[in-house]
Amino acid sequence: MNYQIAPFGSIWSNGIFNVPADLVDKYLKIASEYQLKALLFILRNGGQASSSQIAKALGQTAGDIDDLLELWTEEGILSADGQAVVLKTEMKPAEPKAEKKVVKESLSAPRLTPADIINAQRDSSDIAFLLTEAQVILGRTISHAEQEMLVNMVNYYGLKAEVIMMILEFYRSEKERGKSIGISYVNAMAKNWAEEGIDSVADAEAKLQDIAKSDRLWNEVIAITGIRHKRPTAKQREMIKDWFSDFDITMITLAADIMKENIPEPKLAYMNTIIKKWRKSGITSPSQVKAEQEAYAKSKSEKKDDRLQSKPTYDLDEYAKFAMNNTEI
């Protein structure tokens, strides 16, 4: 379809004001919604407005407005508090792209100004596309801090835009399912993926399938143990995944039953001790567990010196002592 503005109507009744052509030609794709809105408000008000006036009109804080307008001051379009405007007669040539950095625990991603983000979009069509699609995925305008986070995922963590969009889709689905997670979850997930070397859509799909599987296993453990945690920690997720690598749900349920019989509150550390002992002793079936229980009961009833006996796998006293003092899980 072709669109044409109507030459008559109420839209014209309150007058008109000038809008620079460059605002559309150079910035329409790369400036955020609120950066454009704030500048339009200033243009509408004779080219001058305070942070508080703009904030009231846009439903933002004055501090947010100052951050948004930093782009236009750095681009030489606005002056702030009477400071002279430095006119940009030509665009700066794009600097050579730095090599992607390996994520290190001791380093933090760099802080980016609005102008840095604009330049990143100019330099990379992938980043420009990512910032646009992020708003579609999340269903809202993304903040400067979120733009900064996404740009760093590409330039600092070295992730591809399509992989980051998969993380955003996962975050949105988790929120829709009622998970209480903030946007920092996205950054933490991206950092972990970068450290694991996930750099393709295929790798990301495999990782998401692995997460979905571990969530199903966690839900099964929650159901049989009565543990109240809503979400597993990374350590718990790996621990439960390890359980199911050697044991089926029948054995996991048996370990949970033993736990319930011997400690007042469910504790994964107690189950983990049982399962480790089973693995070490080669126990893989309920019948072997029963035989071990009977052997333990018999040795205890005969009151033989523990030093002369091989220590049984099903040592409830040891399980309880270890599990109740273990705060790692």
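This passage describes salt bridges in a predicted model. With a cut-off of 4 Å between a side-chain nitrogen of Lys or Arg and a carboxyl oxygen of Asp or Glu, the count comes to 14 salt bridges. Three pairs are taken up here: Glu-176 with Arg-172, Asp-210 with Lys-241, and Arg-279 with Asp-242.

Glu-176 pairs with Arg-172, and their closest N and O atoms are 3.9 Å apart. That distance lies within the 4 Å limit, so the contact counts as a salt bridge. Both residues belong to helix H8 (residues 161–176). They are 4 residues apart, which means a separation of about one helical turn. Glu-176 is exposed, at 63% relative accessibility. Arg-172 is partly exposed, with a relative accessible area of 31%.

The salt bridge between Asp-210 and Lys-241 has its closest N and O atoms 3.2 Å apart. This pair links distant parts of the chain. Asp-210 lies in helix H10 (residues 201–225), and Lys-241 lies in helix H11 (residues 234–246), 31 residues apart. Asp-210 is partly exposed, with a relative accessible area of 24%. Lys-241 is also partly exposed, at 35% relative accessibility.

Arg-279 and Asp-242 meet through their side chains in a salt bridge, at 3.3 Å from N to O. Arg-279 sits in helix H13 (residues 268–281) and Asp-242 in helix H11, so their contact ties together parts 37 residues apart in sequence. Arg-279 has a relative accessible area of 30% and is partly exposed. Asp-242 is partly exposed as well, at 35%.

Shared partners also occur. Glu-169, Arg-172 and Glu-176 are joined into one network by salt bridges that share partners.

Terms used:
Residues are numbered from 1 along each chain as its sequence is written. This is a predicted model: local features need pLDDT of at least 70, side-chain atom pairs count only at pLDDT 80 or more; totals for chains, interfaces and linings use all residues. Side-chain values use heavy atoms; hydrogens and water are left out. Helices (H or I, at least four residues) and strands (E, at least two) are DSSP runs, numbered from the N terminus. Buried means under 20% relative accessible area, exposed over 50%, partly exposed in between (1.4 Å probe, protein chains only).
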